[in-house]
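Thanks for coming, everyone. I'd like to walk you through some helix packing, the disulfides and a couple of other spots, so have the structure up on your screens.

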Amino acid sequence: MKIRGTAVAMTTVAALTLTACTSDDGGGGGTGGGDGTASGDGLTVWIQEDLPDRVAAAQAIVDDYSEASGTEIELVSVGEDQFSQLITSAAAAGDLPDVIGGVSLPQVRTLSTNELIDTEAVGEVLDTLDPSTFSEKAIELTRDGDAQLAVPSESWTQMLYYRTDLFEAAGLDAPTSYDAILEAAQTLDGDGMAGFVGATAPGDAFTEQTFEHVALGNDCQLVDADGEVQLDSPECVAAFRFYGDLVTEYSVPGAQDVDTTRAAYFAGQAAMFVWSTFVLDEMAGLRDDALPTCPECAANPAFLAENTGVVTAIEGPDGTTPAQFGEITSWTITASANTGPAQEFVEHMLTDGYEPWIAFAPEGKVPVRTGTPEEPTVYSDAWAQLPVGVDTKAPLSDFYSPEVLDAVATGPEDLARWGITQGQGDLLGATQGENPVAEAVSEVANGTDPEQAAQSAAEAVRSIAESLQ
């Protein structure tokens, strides 16, 4: 299960073995030339999907396209945790792929910084598809000035999930702000029920992601417009204090991570928790190894899905605009690509190949291209009806209200990320290796003063920034 979409900054290391799924037996792929010229009519396409069923589904899309277009394609599956090392080695060897899919926002910026993207080719694809058919936020986050760095494809977002039945019984408003969340946590905490559960494990990317989601709404930023680290700003100190109050006063004991937070909510022992959209199929009882176990779930496995509301963007007292953490994954064309065929393939993946691509995991592949100029909502409408699940499959609309599905579908419009729009994607990626924010969150959860924890995190990030210069 993919719950995060960041990668560390590029470092030169030995290449790892790639798993190639070739659509022909003649070895027609590997056509990118290191000097920026094409060496044939075929393409090498990397995708950051490494689960067997998803790779097989991607191969079927590629095979259909190859048969229709006559373009031979070598499809290469690259694990998310291997991408940075492998692309560095490929660039050094002059053997870049033509097209890369599933590229996260920090990875897009790292590729751009290393001049590995053909921004003109990418921009032409977006113009052909019509930028107005995409989420404005997705375009903004994948653009650098006038240069389009990637064609955004899909997103997943972090959300606050809450028990609507408990909130209604207690007369509580939806937990859309710091004050409302604290009030609900205090009211509902007790008698075997935690008011809130959230990640606190040190060294864990999920902890950083959860805190970033909460902090963005209070205008807590990693850096400012000049690239100066801001984690010790008043806005960030307030976000650390708010999160610390939640996890020390109204949560469960011990370090919490991606598994324990989900387990507490699924057991009916938490009124609120923060997780990504990838939890939607599991909450509906469609995955046998992660079934809801709440008392009501024995008779109705979909009880939690039917009694859960979602808050996308959280508003803090110092924030000007509600915001939420999430990831947008994209297609990009490399600087040495076989340009024409590469552009045609990416266009296909955002048109005829788009619905099969997002059908891999609709709960975590929310389309950021909602439709076409002629049918503006054709893709978003199709997404809501796609079957989800692992052991059992059914559309999300069978379990969730239209309000929930609409919130999930429109979530990318409120999506924000530390460092990206300030041109510090490399710094964001580099911090993932050391996770100083997750360490600070853990310290606050264990009683450290929020101001002290924020200062420690800021100093650590400043040290990382200096190492990148």
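Let's begin with helix H7, residues 178-188, and helix H9, residues 234-249, which pack with their axes 10 Å apart at an angle of about 15°. Keep in mind that this is a predicted model. An angle under 35 degrees counts as roughly parallel, and H7 and H9 are therefore roughly parallel to each other. The crossing, as H7 passes H9, is left-handed. Who makes the contact? On the H7 side you've got Tyr178, Ile181, Leu182 and Ala185, and on the H9 side Ala239, Phe242, Asp245 and Leu246. Sort the residues of that contact by class and you get seven nonpolar, one charged and no polar.

If you're wondering about the spacing of those numbers, here's the usual reminder: an α-helix has 3.6 residues a turn, so residues three or four places apart point the same way.

Okay, staying with H9 for a moment, because it brings us to the cysteines: Cys236 lies in helix H9 and Cys220 in the loop between helix H8 (205-216) and H9, so this pair ties together parts that are 16 residues apart in sequence. The two are joined by a disulfide, with an S to S distance of 2.0 Å. The torsion about the S-S bond of Cys220 and Cys236 is about 95°, so that disulfide is right-handed. And are these cysteines buried or exposed? Both Cys220 and Cys236 are buried.

How many disulfides does the structure hold? Two. The other pair to look at is Cys294 and Cys297, also joined with an S to S distance of 2.0 Å. Its torsion about the S-S bond is about 90°, so we call this disulfide right-handed as well. Cys294 and Cys297 are both buried, too. If you number the bonded cysteines in sequence order, the pairing reads 1-2, 3-4.

Next, another helix pair. Helix H1, residues 52-69, packs with helix H13, residues 339-349, at an angle of about 125°, and their axes are 12 Å apart. That makes H1 oblique to H13. Here the crossing is right-handed. From H1, Ile61, Val62 and Tyr65 meet Pro341, Glu344, Phe345, His348 and Met349 in H13. By class, the contact of H1 with H13 comes out as six nonpolar residues, one polar and one charged.

Now swing over to helix H3, residues 105-113. This one is mostly covered, with seven of its nine residues buried. Which residues of H3 are buried? They are Leu105, Pro106, Gln107, Val108, Arg109, Thr110 and Leu111. The cover over them includes helix H2 (83-92), helix H5 (136-141) and helix H17 (425-434), along with strands E4 (99-103), E5 (143-144) and E10 (326-333). Just after H3, have a look at Glu115, which takes a positive phi of about 55°.

One last stop, Asn446. You'll find Asn446 in the loop between helix H18 (436-445) and helix H19 (450-468). Asn446 has a relative accessible area of 65%, so it counts as exposed. And if you want to place Asn446 against the H7 region we started with, the C-alpha atoms of Asn446 and Ala184 are separated by 22 Å, with the two positions 262 residues apart along the chain.

That's my tour, so over to you.

Key:
Residues are numbered from 1 along each chain as its sequence is written. This is a predicted model: local features need pLDDT of at least 70, side-chain atom pairs count only at pLDDT 80 or more; totals for chains, interfaces and linings use all residues. Side-chain values use heavy atoms; hydrogens and water are left out. Axes are lines fitted to C-alpha atoms, for helices over the stretch in contact, and angles run from 0 to 180 degrees between N-to-C directions. Helices (H or I, at least four residues) and strands (E, at least two) are DSSP runs, numbered from the N terminus. Angles under 35 degrees count as roughly parallel, over 145 as roughly antiparallel, 65 to 115 as roughly perpendicular and the rest as oblique. A crossing is left-handed if the near helix is turned anticlockwise from the far one by less than a right angle, and right-handed if clockwise. Contact means heavy atoms within 4.5 Å. Ala, Val, Leu, Ile, Met, Phe, Trp, Tyr, Cys and Pro count as nonpolar, Asp, Glu, Lys and Arg as charged, and the others, Gly among them, as polar. A disulfide is a pair of cysteine sulfur atoms within 2.5 Å. Buried means under 20% relative accessible area, exposed over 50%, partly exposed in between (1.4 Å probe, protein chains only).
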